[in-house]
Amino acid sequence: MKKIIIANWKANLSLAQARSLAKKLAASRPAKNLTAVLCPDFVALGEMANRLKKSAFLLGAQDCSAFLPGAHTGEVAAAVLKQGGVKYVIIGHSERRANGEGAKVISQKIQQVVAEKLIPIICVGETAGERRLKKTKIVLAKQLQEVLAPLPSKHVKSPLIFAYEPVWAIGSGLTPEPLETAEICAMMKNLAAKAGFSRVTVIYGGSVTDQNAGEYLQYPAIAGLLVGGASLDARRFRRLLNF
Ligand code: PGA
């Protein structure tokens, strides 16, 4: 099966930097067995859609509204993202959870995304403290359950991506063992299947680099990678896509 590599640019780039990075990447070809997705900020999205049209890259957003289009100041609806060429939407990143985004809103957002037949990339992961207390599996099961349970049954066959992103691994240079990560990804897929969601894949994110990507991707249970820092440099990210 094709693995997916998703670049999360966060709010790191100016518009000029986003343009320049997209231009350098557009000319490159990810390895045949990879799907490559770029997630710029909302302002860069429109321009990237044009720039990447003829490239091998697909487009993702970093968030979306929990509501249908309407009177919701400051929100960007999933339907509009779709019109703008977006195929994937990151939901519930720990940097958003840390700013107060809770399970209810995350679940509403997932619902908006799947209703538009876009694919959500739902981020979950334990903190360093939870890991120290050996609570990783309990935390993940809870995070999974609380966003899946409220989804209407008509969505059980929608493709969903979960990104296992330990909070302590994001941007820190620290990473979990690849074998342990594969076991966790397999556990999450099983939990989702038990809850009736049959098209769930699980990817890993947190301090992924062109050096360590292959160590994770060798495991069938790890369906891909969510990449922050290492996706901001064209040469590094290209190496990651052709490892
Ligand atoms: P990082 O970020 O690769 O810089 O650790 C990953 C993420 O937050 O998705």
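How far from a polar backbone atom of glycine 171 is an oxygen atom of the ligand? In this predicted model, the separation between the two is 2.7 Å. The chain itself comprises 10 helices and 8 strands, and 51% of its 243 residues are buried. The points below cover the ligand site, the overall fold, the cysteines and one loop residue.

**Ligand site**
- The ligand is surrounded by 13 residues, of which Lys10, His93, Glu165, Gly171 and Ser207 come nearest.
- By class, this shell consists of 7 polar, 4 nonpolar and 2 charged residues.
- The side chain of glutamate 165 places an N or O atom 2.8 Å from an oxygen atom of the ligand.
- Backbone atoms also take part: a polar backbone atom of glycine 171 is 2.7 Å from a ligand oxygen, and a backbone N or O atom of serine 207 is 2.8 Å from an oxygen atom of the ligand.
- On its own the ligand has 280 Å² of accessible area, and the protein covers 94% of this.

**Overall fold**
- The secondary structure of the chain amounts to 10 helices and 8 strands.
- The radius of gyration is 17 Å, close to the 18 Å that the globule rule gives for 243 residues; the chain is therefore as compact as a globular protein of that length.
- Along the principal axes, the C-alpha atoms fill a box of roughly 45 × 45 × 30 Å.

**Cysteines**
- The number of disulfides is 0, where a disulfide requires two cysteine sulfur atoms within 2.5 Å.
- Cysteine 64 belongs to no disulfide, and the nearest cysteine sulfur, in cysteine 39, is 12 Å away.
- For cysteine 123, the closest cysteine sulfur is likewise that of cysteine 39; because the two sulfurs are 9.5 Å apart, they are too far for a bond.
- Cysteine 64 has a relative accessibility of 2% and so counts as buried.
- Cysteine 123 also counts as buried, because its relative accessibility is 2%.

**Isoleucine 222**
- Isoleucine 222 is located in the loop that lies between helix H9 (213-217) and strand S8 (224-227).
- Is this loop residue, isoleucine 222, buried or exposed? Its relative accessibility is 0%, so isoleucine 222 counts as buried, the threshold being under 20%.
- Threonine 181 is 41 residues from isoleucine 222 in sequence, while their C-alpha atoms are 7.8 Å apart in space.

Note on methods. Residues are numbered from 1 along each chain as its sequence is written. This is a predicted model: local features need pLDDT of at least 70, side-chain atom pairs count only at pLDDT 80 or more; totals for chains, interfaces and linings use all residues. Side-chain values use heavy atoms; hydrogens and water are left out. A residue is near a molecule or strand if one of its heavy atoms lies within 4 Å of it. A polar contact is a pair of N or O atoms within 3.5 Å; within protein, one must be able to donate a hydrogen and the other to accept it, and residues adjacent in sequence count only if both atoms are side-chain atoms. Accessible areas come from the Shrake-Rupley method with a 1.4 Å probe; for residues, only the protein chains shown count as cover. Ala, Val, Leu, Ile, Met, Phe, Trp, Tyr, Cys and Pro count as nonpolar, Asp, Glu, Lys and Arg as charged, and the others, Gly among them, as polar. Buried means under 20% relative accessible area, exposed over 50%, partly exposed in between (1.4 Å probe, protein chains only). Helices (H or I, at least four residues) and strands (E, at least two) are DSSP runs, numbered from the N terminus. The radius of gyration is taken over C-alpha atoms; the globule rule is 2.2 Å times the number of residues to the power 0.38.
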